[in-house]
Amino acid sequence: MKLAATILICIVISLDGASIESQLFAEKFLVRFNYMTDSRTNNQQPSALKKSPSSMQTAIKDYQRDNGLVVTGDLSRETLELMSLPRCGNTRSDNIYDAIASKRRRRRRYAFSSTKWNSDFLTYRVSPFTNDLSKSQVLSAIEKGFKIWSDHSMLKFKRVEYKANLELSFYKGSHQDGYAFDGKGGVLAHAFYPRTGLIHFDDDELWSTSNNDILLSQVAAHEIGHGLGLKHSSDKNAIMYASYKYKGANFNIETDDRKGIEELYGCNPTKKCYKEGKPKKGDSCFSPKGLVRTSKNETKFMKDIDIGDLVQSENGFSKVIGWLHRDEEKLEKFFVLKNELGLNLKVTGEHLIAIEKDGQIQYQRAYETTKRDFLINIDEFGRKSRQKITEIDVIEEKGIYAPLTDDGTIVVDSNLASCYAVVNSHQIGHLVFTPLRWMSNWTSAFPLEHSAELITKYLGPVAEFLGMFS
Ligand SMILES: [Zn+2]
Ligand SMILES: [Zn+2]
């Protein structure tokens, strides 16, 4: 197929215009990828001459626009060259892949289908495998394909051996989904949009971990993008560009891909977010329904805490001296960390929570925790124990609360957490907030709620700077 296309291109060049052969090739291509409809009956040969020239020209223009080419409506050399490259089987507006999105005109450069997954935690399974590579090579290529998306969004992926959200399979020719593969070259793979979860690779390709043949990790990254809801990009550098060009083993997603995945699933707070132009900071709080013990041996919801309350902290009880954040209306995503005792700690991803490491209490961000970590449980008598995390989930809830206590810690739902989040380490956080804690001892008339916000705003960056050296 590649050879045939090369010959066609030579004819075009020699004739200084599109030959009949290249027109037939282009017409077949444009019909196949949904740029125009095919009105022929089964017995007729394809013929560009029988098509209305304007519909062909419109289709070429659409193809050029979708693929970042100069829009002329002519079968230019670069247009034919691009058509001859191996590519993804997903079409421009495939009614079966995605019925609703096809009715809408694309406005953004990146585009996504009308659906996305409801959860940020998705499972995947690979079966059947290809024989081109070892099982572990296939798995690490596919893992890389997932990682570039999870690195830049709130998504987390886990490989399983049972029925998964995303099912990745290698097939040859017809494979019972109505989209038969075409042998070596041409279409490399295709994927269904959420929430179907099917990602298929053409096993007539020679899959590779290098430039020798088709780089599996790169194609996997592209198809996983579809599986998550992204459509093709017109940016030639984007992973979601429809045609395949080897990007090198260290490829990563491009700006256009990142904008798309962030819009669908929210950006990873540790990375630069394109939407806001800066890392997402500060929304680092507890849920309103978190339970806190007070020195009066009562239990209060987080939302009902008052300044001056003595609440349970790392070592006994500590005075609430202000609010770092408090917004009853704000809708926010919370990580729900469930421990062995069945108790849930609900915090935003940036929040620092206490975990046990090598017999020590350490603080790390909630989104960094895994099921291998142990939360620090403190019971009503102040006894500490470590409790393994059994489940991690993400939910959305209204209301965010971040009280600041005298010793910088607070026990919520019997789990120890830091009061801080805008800084990189709990220790540095405590150091930076020291002036505020002193002030609260000097005068009770000081407008603490307000000053805490100011200190968060102005000392936050200082703390981050200090955090670089911690
Ligand atoms: Zn594609
Ligand atoms: Zn398929």
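In this predicted model, 6 strands form an open sheet. Their order is 1-5-6-4-2-3, and the pairing is mixed. Strand 1 (87-88) and strand 3 (156-159) are the edge strands. Each of the two pairs on one side only. Strand 1 runs parallel to strand 5 (residues 187-191), with 2 bridges between them. Within that pairing, Cys88 has Ala189 of strand 5 as its bridge partner.

The largest pocket encloses about 890 Å³ of space. Its lining comprises 30 residues. Of these, Phe121, Leu155, Lys156, Phe157 and Lys158 lie nearest the pocket centre. Four elements give two or more residues each to the lining: strand 2 (121-126), helix 5 (135-150), strand 3 and strand 17 (384-405). Helix 5 gives the most, with 5 residues. Strand 3, an edge strand of the open sheet, is thus also among the elements of the pocket lining.

Charged pairs were examined next. Side chains of opposite charge can pair when their charged atoms come close. A search of the whole structure returns 17 salt bridges. One of them joins Arg159 to Glu161, with the closest N and O atoms 3.2 Å apart. Arg159 is partly exposed, at 36% relative accessibility. Glu161 is exposed, with a relative accessible area of 63%.

A further salt bridge connects Asp204 and Lys172. Here the closest N and O atoms are 3.9 Å apart. The pair links distant parts of the chain, 32 residues apart. Asp204 sits in the loop between strand 6 (198-202) and strand 7 (207-208). Lys172 sits in the loop between strand 4 (166-171) and strand 5. Asp204 has 30% relative accessibility and therefore counts as partly exposed.

Lys300 and Asp306 form another salt bridge, and their closest N and O atoms are 3.5 Å apart. Lys300 is buried, with a relative accessible area of 15%. Asp306 is partly exposed, with a relative accessible area of 42%. The bridge therefore joins a buried lysine to a partly exposed aspartate. Salt bridges also occur as a network, which links Asp62, Arg65, Asp66 and Arg92.

Asp413 presents a contrasting case. This residue is buried yet has no salt bridge. The nearest side chain of opposite charge belongs to Lys346, 7.0 Å away. A salt bridge requires a side-chain nitrogen of Lys or Arg within 4 Å of a carboxyl oxygen of Asp or Glu, so Lys346 at 7.0 Å does not qualify. Asp413 is placed in the loop between strand 18 (409-412) and strand 19 (415-418). Leaving aside residues up to four places away in sequence, Asp413 touches Gly290, Leu291, Leu343 and Asn344.

Strand 19 (415-418) also bears on a longer-range relation, between Tyr363 and Leu416. Tyr363 belongs to strand 15 (residues 360-365). Tyr363 is buried, with a relative accessible area of 14%. Tyr363 and Leu416 are separated by 53 residues in sequence. In space, the C-alpha to C-alpha distance between Tyr363 and Leu416 is 9.6 Å.

Methods. Residues numbered from 1 in each chain as written. Chains lettered and ligands numbered in written order. Predicted model: local features only at pLDDT ≥ 70, side-chain atom pairs only at ≥ 80, totals over all residues. Heavy atoms only, no water. Buried < 20%, exposed > 50% of the residue type's maximum accessible area, 1.4 Å probe, protein only. Lys, Arg positive; Asp, Glu negative; His and termini not counted. Contact = heavy atoms within 4.5 Å. Pairing = 2+ DSSP bridges. 1 Å grid on protein atoms, 1.4 Å probe; cavity = no way out; pocket = protein on both sides within 12 Å on 5 of 7 lines; lining within 4 Å. Points joined across faces, edges and corners; volume = space filled by probe spheres on them.
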